[in-house]
Amino acid sequence: FFFKQKTAYEILSGLVGSEMCIRDRHRGVSKIEVMKVNETTGDLSKFCIIDAGLTSSLTHLDWDVTSSMLVVNSLAYELKFLSVPSKRAISATGAKDIEWHTWTCVLGFPVQGIFPPFSDGSDVNSACRSNSKKIIATGDDFSKVKLYKYPSVVPQSQAKEYIGHSSHVTKIKFSNDDRFLVSVGGNDKTVIIWGTDFGAEEVAAAEPAAEELAEPEEEVKDPTQEDAYNETDLSEVCLLYTSDAADEGLGVDLGGRRIIKKK
């Protein structure tokens, strides 16, 4: 995406109103352009520019539910909270009660537990909170897709791990209904669509009324795994798309997963 001959690295729309945030890299110090979207024509007009006060390029950003606050991360492992009306940063204490519309930042209070032991902070490339706000998914340098409970505030929290990529995972994102999780690989140039069993609609429909609750069957659990996340899962069958398969019309078979053929 190009805007006035400058490359924008991410575009994220707000929940309320017509604001759109464009993440940019400018002279080594990140500035954030907030745009207004004309609801009739779809044209963009500049609303404001916020100097995030970062010492390195911005990597992740999220809106709050009122579209008046932003949370951002940078390559220098910085965490900043920004007020759009005042165009300035606020303290972490002042941001503690903010309700976030999305959470894709890899740094912050609700994702403290997503880093593996001995991590230098660069191992986790992408994170995405489910729309049900119960799960946080991550993609890392070890070709793994992981699922954690959200918020994940305990260091080195238990997670479920899935391997489908042969390279580092650069981006991860839930579908609007949480029925699918999309992961993008780096050198393998692969997009994998994972099916889930915890879609937002299914979770809401599956929650019984209090009077309908029955006594659960007694289950023997391993006490060492009490904190492990065992309530949700990714499907064993996933859809796999690669650029080579799309060009050649071939099926792709990866570890017994579903073979996709272009018809």
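Guide: A patch joins residues with over 30% relative accessible area and no salt bridge, like charges within 9 Å and nonpolar side chains (Val, Leu, Ile, Met, Phe, Trp, Tyr) within 5 Å. The model is predicted, so local features need pLDDT of at least 70 and side-chain atom pairs 80 or more, while totals for chains, interfaces and linings use all residues. Residues count from 1 along each chain, and side-chain values use heavy atoms without hydrogens or water.

Visitor: Which residues form the nonpolar patch on the surface?
Guide: Together the members of this surface patch have about 290 Å² of accessible area (Shrake-Rupley, 1.4 Å probe, only the protein chains shown as cover), a salt bridge being a Lys or Arg side-chain nitrogen within 4 Å of an Asp or Glu carboxyl oxygen. The residues in question are Phe109, Val153 and Val154.

Visitor: Where does Val153 lie, relative to the strands?
Guide: With a relative accessible area of 31%, Val153 is classed as partly exposed, a class set between buried (under 20%) and exposed (over 50%). Strands are DSSP runs of E, at least two residues, and Val153 lies in the loop between strand 12 (144–149) and strand 13 (160–163).

Visitor: Which residue stands opposite Leu147?
Guide: Strand 12 and strand 13 pair in the antiparallel sense over four bridges, where pairing requires at least two DSSP bridges. In strand 13, the residue opposite Leu147 is Lys160.

Visitor: In what order do the strands of the open sheet containing strand 11 run?
Guide: Four strands make up this open sheet, and their pairing is antiparallel. The edge strands, each pairing on one side only, are strand 10 (124–129) and strand 13. Across the sheet, the order is 10-11-12-13.

Visitor: Is Ala137 buried or exposed?
Guide: Ala137 is found in strand 11 (residues 135–140). Beyond neighbours within four places in sequence, Ala137 is in contact (heavy atoms within 4.5 Å) with residues including Cys128, Leu147, Ile172 and Phe174. Because its relative accessible area is 0%, Ala137 is classed as buried.

Visitor: How far is the C-alpha atom of Ala137 from that of Leu181?
Guide: Leu181 is also among the contacts of Ala137. Although Ala137 and Leu181 are 44 residues apart along the chain, their C-alpha atoms are separated by 8.5 Å.

Visitor: Which residue of strand 8 stands opposite Val71?
Guide: Another open sheet has four strands in the order 6-7-8-9, with antiparallel pairing, and its edge strands are strand 6 (58–63) and strand 9 (88–90). Within this sheet, strand 7 (residues 69–74) and strand 8 (residues 79–83) pair over five bridges. The residue opposite Val71 is Phe81.

Notes
Buried means under 20% relative accessible area, exposed over 50%, partly exposed in between (1.4 Å probe, protein chains only).
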